[in-house]
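Trainee: Could we go through this model together and check the words people use for its parts?
Mentor: Gladly, let's take a look.

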Amino acid sequence: MTASRGASHADESRPVSGSEASRLFGLRSGPTDDLAGQADAVAAACHAMAVRFHRGGKLVVFGAGGASTDAQHVAVEFVHPVIVGKRALPAISLTTDVATVTGIAERDGVAAIFAHQIRILADPADIALGLSADGNSASVLAGLEAARELGLLTIALAGRDGGQIAAAKAADHLLVAGSGDPRVVKELHVTMYHVLWELVHVFFEQPGVLGPGVVT
């Protein structure tokens, strides 16, 4: 009898579970389609990145909270490509040095943690990539603004409507995951920076696209 009741409950839950799963996938389909609609903007950002790498620049990545792990993910993908045979490109994450991050935060405030490092570690030829789930991270915004002041190429991955980063026009290239759900934004950001990585390499593999002075 117990087994029969258990089976009955399991059978009753399946339609509900299936419906909920469909709803959750539906939450992602719209923002994913919107991201695909930004293809030209993504390609432009990738070409600009490839040109900077081509001229000897490096990628400087940063983000706060959950985005800090994305920054590390991006950096390692460029430095140590998971696809064998792809070119390794110089990249650093500003979120990995706990002593530096906490030291800056204690003395100058959390908003300064990336801007300070960029002023010390970055060169004008470099690329600054900031990630913020809602576009309102004060530390990411300050980092992008410091990078622009130095002449770096600035790229931002944000969510919702781009938030304060969009309003401040702090990025040369702003790519937005159009969702208010931070989980969906996180998932789309992973897709975004994987596409950035792939297209940068596509540009490197097309002779003459990046102009003279190839860095080998």
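**Helix pairs, sheet and salt bridges**

Mentor: Let's begin with helix 3 and helix 8, whose axes come within 11 Å and cross at roughly 20°. Keep in mind that this is a predicted model.

Trainee: Why are helix 3 and helix 8 called roughly parallel to each other?

Mentor: Angles under 35 degrees count as roughly parallel. The axes of helix 3 and helix 8 cross at roughly 20°, so this pair earns the name roughly parallel. The crossing is also right-handed.

Trainee: Which residues of helix 3 and helix 8 meet?

Mentor: From helix 3 there are Gly66, Thr69, Asp70, His73, Val74, Glu77 and Phe78, and they meet Lys186, Val190, Tyr193, His194, Trp197 and Val200 of helix 8. By residue class, this contact divides into 6 nonpolar, 4 polar and 3 charged.

Trainee: What makes helix 4 roughly perpendicular to helix 5?

Mentor: Helix 4 (residues 98-108) and helix 5 (residues 113-121) pack at an angle of about 115°, and their axes are 9 Å apart. The range for roughly perpendicular is 65 to 115 degrees, so helix 4 is described as roughly perpendicular to helix 5. Their crossing is right-handed.

Trainee: Which residues make that contact between helix 4 and helix 5?

Mentor: Thr100, Val101, Ile104, Ala105, Arg107 and Asp108 in helix 4 touch Ile113, His116 and Gln117 in helix 5. The contact of helix 4 with helix 5 holds 4 nonpolar, 3 polar and 2 charged residues.

Trainee: And how do you know that helix 5 and helix 6 are roughly parallel?

Mentor: The same kind of check works. The axes of helix 5 and helix 6 (residues 138-150) come within 7 Å and cross at roughly 25°. The cut-off is under 35 degrees, and therefore helix 5 and helix 6 are roughly parallel to each other. Among the contact residues are Ile113, Phe114 and Ile118 of helix 5 and Val140, Ala146 and Leu150 of helix 6. The full contact divides into 9 nonpolar, 2 polar and 2 charged.

Trainee: Turning to the sheet, what is its strand order?

Mentor: The open sheet of 5 strands has the order 2-1-3-4-5, with parallel pairing. Strand 2 (91-93) and strand 5 (173-177) each have a single partner strand, so they stand at the edges with one side left without a neighbour in the sheet. On average, neighbouring strands are turned by 15° against each other, direction ignored.

Trainee: How do you know that strand 3 and strand 4 pair?

Mentor: Pairing takes at least two bridges. Strand 3 (residues 127-131) and strand 4 (residues 153-159) are joined by 5 bridges and run parallel, so they pass that test. Within strand 4, Leu157 is the residue opposite Leu131.

Trainee: Last one: why is the contact of Lys86 with Glu205 called a salt bridge?

Mentor: The nitrogen must lie within 4 Å of a carboxyl oxygen. For Lys86 and Glu205 the closest N and O atoms are 2.6 Å apart, so the pair qualifies. Lys86 lies in the loop between helix 3 (66-79) and strand 2, while Glu205 lies in the segment after helix 8 (182-204), so this salt bridge ties together parts that are 119 residues apart in sequence. The structure holds 7 salt bridges.

Conventions: Residues are numbered from 1 along each chain as its sequence is written. This is a predicted model: local features need pLDDT of at least 70, side-chain atom pairs count only at pLDDT 80 or more; totals for chains, interfaces and linings use all residues. Side-chain values use heavy atoms; hydrogens and water are left out. Helices (H or I, at least four residues) and strands (E, at least two) are DSSP runs, numbered from the N terminus. Axes are lines fitted to C-alpha atoms, for helices over the stretch in contact, and angles run from 0 to 180 degrees between N-to-C directions. Angles under 35 degrees count as roughly parallel, over 145 as roughly antiparallel, 65 to 115 as roughly perpendicular and the rest as oblique. A crossing is left-handed if the near helix is turned anticlockwise from the far one by less than a right angle, and right-handed if clockwise. Contact means heavy atoms within 4.5 Å. Ala, Val, Leu, Ile, Met, Phe, Trp, Tyr, Cys and Pro count as nonpolar, Asp, Glu, Lys and Arg as charged, and the others, Gly among them, as polar. A salt bridge is a side-chain nitrogen of Lys or Arg within 4 Å of a carboxyl oxygen of Asp or Glu.
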